[in-house]
Amino acid sequence: MTRPSNPSKRRPQANEDEEPAEEVPSEAEGTPEKKERVLHTRVPAVLERELKRFADNLRIPVSNLVRAILEDAMEVAGSASQSIEGRLAHAAEELGKGRERLTKRVLPDPLADVFAYQPVTLAQEAICAKCQKTLEAGDRAHLGLTDAPSQGPKARLFVCNSCLPRS
Ligand SMILES: [Zn+2]
């Protein structure tokens, strides 16, 4: 039952500009099922930019996003008949239309704690918490009000007009 708690086994967050490091957690003895594989694959520059932007919006490491996309693609494809490259390519197509689904997969509902929406005019650029659309200064948006203790500007929830829940 004892789990080796070696902090050096944790992989660093892969949100740097380079490809994910080759390093694999060193020797996880006795727990082969916990071992994870590092996959290398080439992605088009456009896709990479898009992935980075999306991961950035969600404030998660790119590697987490890629994993979510692959998991999602596996469910969508429903079989193991596609190569990883095929899944990534498919996922790239899906990125545009599947943003909301992917966001749900990697994050809890960002608006779960909102009790009211207040119409605002943005003074600074913001990102719609739901669709990840960039909202410009001067845009009309809605500020989601929560009871959660304030965690600073990053915790502010804005939604664009089309994402505003309506009855
Ligand atoms: Zn939106």
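## Exercises on a three-strand sheet and two cores

An open sheet of three strands runs in the order β1-β4-β5 with antiparallel pairing, where strands are DSSP runs of E of at least two residues and helices are runs of H or I of at least four, numbered from the N terminus, and where two strands pair if DSSP finds at least two bridges between them. The model is a predicted one, in which local features need pLDDT of at least 70 and side-chain atom pairs count only at pLDDT 80 or more, while totals for chains, interfaces and linings use all residues. Residues are numbered from 1 along each chain as its sequence is written.

**Exercise 1.** Work out which strands are the edge strands of the sheet, and how many bridges join β1 to β4.

*Solution.* Begin with the edges, which are β1 and β5, since each of them pairs on one side only. Next take β1 (residues 114-121) and β4 (residues 140-146), which run antiparallel and are joined by seven bridges; one such pair is Ala116 with Leu145 of β4. Then turn to β4 and β5, which pair in the antiparallel sense over three bridges, with Phe158 of β5 as the bridge partner of Leu143.

**Exercise 2.** Decide whether β1 lies largely in the open or not, and explain why.

*Solution.* A residue is buried if 20 or more other C-beta atoms, placed from the backbone, lie within 10 Å of its own, exposed if 12 or fewer do, and partly exposed in between. Of the eight residues of β1, the number buried is zero, so this strand lies largely in the open.

**Exercise 3.** Find which strand gives the most to the largest nonpolar core.

*Solution.* A nonpolar core is a set of buried Ala, Val, Leu, Ile, Met, Phe, Trp, Tyr and Cys residues joined through C-beta atoms within 7 Å. The largest one has nine residues, including Ala126, Ile127, Ala141 and Phe158. Both β2 (126-127) and β5 (157-159) supply at least two residues of this core, and β5 gives the most, with three. Apart from it lies another core, of six residues, among them Leu51 and Ala55.

**Exercise 4.** Describe the place of Leu51 and why Leu51 counts as buried.

*Solution.* Leu51 sits in helix α1 (residues 45-58), and it is buried because 20 other C-beta atoms lie within 10 Å. Leaving out residues up to four places away in sequence, Leu51 touches Val62, Leu65 and Val66, contact being C-beta atoms within 7 Å. Leu51 and Val62 are eleven residues apart in sequence, yet 6.7 Å apart in space, C-alpha to C-alpha.

Terms used: Two residues are in contact if their C-beta atoms, placed from the backbone, lie within 7 Å.
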